[in-house]
Structure formats: C-alpha cells, structure tokens
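Colleague: I'm new to reading models like this one. Could you take me through a single part of it slowly, with the terms explained as you go?

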Amino acid sequence: GNISTCSMTVTVNDNEIPAITCPANLTVSTDPGVCQANVTVAALAASDNCGVATISNDFNGTANASGIYPVGTTTVIWTVTDIHGNVATCSMTVTVNDDEAPAIGCNPAMSVSTDGGSCFATVVLTAPATSDNCGVASVTNNAPATFPIGTTTVTWTVTDNAGNTNTCTQNVTVTDNENP
C-alpha cells in the first residue's frame with residue numbers, strides 16, 4: 001500500500017500565427033472638385049486557433065482603413081495579433097486617380113485693326129481663367145505670331161497635373177481700316 005507521487009508540468013505554447021486575408025486592392029477617382037477621395041475599404045478577414053486580440057492598419061491605426069486618401073497610391077499594411085502575441089501582416093493598395101478635367105473659360109472674341117502699314121495685326125492675348133481640383137500644369141494656345149486679315153480661331157488648352165485636358169476657342173478678327 002505504499003504510494004509515491006510526483007508532478008510534472010506540461011506547457012502548451014501557441015506558436016501558430018493568425019490567418020489573415022487583406023481586402024482587395026482598390027482604384028478610385030478623386031471626389032468631385034477635390035484632390036482626394038473618401039474611400040470605403042472592406043473589412044479584413046482574420047482568424048486564429050486561440051483567438052484574435054487586435055486588428056490594425058498603418059493608415060489610420062484602427063481596424064477600419066476607410067477614410068480620405070490622397071491622389072496617388074497608398075500602401076496599407078494590416079497587422080493581426082492573436083491573444084498570445086503571434087503576429088501576421090498583409091498589405092493592400094488604395095490608388096486614387098485624378099480623372100477630373102480642368103475648367104477653362106475663354107475670353108470673348110476680339111476685333112482689331114491691322115498694324116500700321118501692314119496687312120496683319122500683332123495681338124496680345126490674355127490667357128483664359130482656369131482651375132483644377134489638383135492643380136493646373138499649363139495653359140497653351142495655337143495663336144500665330146501675327147494675325148492675318150479675317151477671323152482666326154485660337155484654341156486654348158489647359159492641362160492639369162494628372163495630364164487631363166480641356167479646351168475652348170476664342171475668335172480674333174482683323175480688319176484693314178487703313179486708307180491707301
């Protein structure tokens with residue numbers, strides 16, 4: 001009837017990282033009139049054999065990466081930590097494109113007389129008013145150095161920082177009012 005006992009410790013460690021599936025990459029256009037987009041990002045899919053403790057992303061530090069994104073590509077890195085400190089990450093991209101054409105408002109038609117002693121007119125044109133949600137890169141026209149007698153249609157082109165363009169036209173009429 002003699003009895004002897006002993007004890008031992010069995011330690012079970014959770015070394016399994018959480019399972020994680022990032023939302024799909026997104027490509028959207030800017031919101032009208034602004035150089036950014038309010039983007040709704042789908043929820044991250046995560047699970048763990050012992051339980052998920054936290055889900056976060058490096059865009060806004062929360063479990064929801066929805067928010068205001070700038071023009072360009074933003075990489076969002078997601079991090080899932082289980083209740084035992086095991087960590088898994090994945091990344092996705094949110095691309096915001098500026099597809100909005102710039103605005104342009106051409107000046108009214110002009111009527112001028114020929115330069116003295118010439119059969120043409122030298123005309124100084126004023127650039128039209130332009131604007132864009134992400135900035136105007138250039139304003140150009142196809143005006144000749146000198147305008148012949150008659151009506152010449154000048155096409156103005158505005159280009160924004162994303163390469164979007166818009167055009168308008170302005171007529172310049174030259175008349176010969178000089179006596180022989």
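Modeller: Here is a close look at one sheet and a residue inside it, after a few words on the whole chain.

This is a predicted model, so local features need pLDDT of at least 70 and side-chain atom pairs count only at pLDDT 80 or more, while totals for chains, interfaces and linings use all residues. Residues are numbered from 1 along each chain as its sequence is written, and side-chain values use heavy atoms, with hydrogens and water left out.

The chain has zero helices and 16 strands. Both are DSSP runs numbered from the N terminus: helices are H or I with at least four residues, strands are E with at least two. The radius of gyration is 33 Å, well over the 16 Å that the globule rule gives for 180 residues, so the chain is more spread out than a compact globule. (That radius is taken over C-alpha atoms, and the rule is 2.2 Å times the number of residues to the power 0.38.) Along its principal axes, the C-alpha trace spans about 145 × 20 × 20 Å.

Now for the sheet. Four strands make an open sheet in the order β10-β16-β15-β13, with mixed pairing. Two strands pair if DSSP finds at least two bridges between them. At the edges sit β10 (110-113) and β13 (136-141), each pairing on one side only. On average, neighbouring strands here are turned by 25° against each other, direction ignored; the axes are lines fitted to C-alpha atoms, for helices over the stretch in contact, and angles run from 0 to 180 degrees between N-to-C directions.

Let's zoom in on β15 (residues 150-160) and β16 (residues 165-175): they pair in the antiparallel sense over ten bridges. One of the residues to find is Val158, whose bridge partner in β16 is Asn166. In general, strands of a sheet pair through backbone hydrogen bonds, either parallel or antiparallel.

Next, look at Gln170, also in β16. Gln170 counts as buried because its relative accessible area is 3%; buried means under 20%, exposed over 50%, partly exposed in between, with a 1.4 Å probe and protein chains only. Not counting residues up to four places away in sequence, Gln170 touches several residues, including Cys106, Met110, Leu125, Val154 and Trp156, where contact means heavy atoms within 4.5 Å. With Trp156 there is also a side-chain polar contact of 3.1 Å. A polar contact is a pair of N or O atoms within 3.5 Å; within protein, one must be able to donate a hydrogen and the other to accept it, and residues adjacent in sequence count only if both atoms are side-chain atoms.
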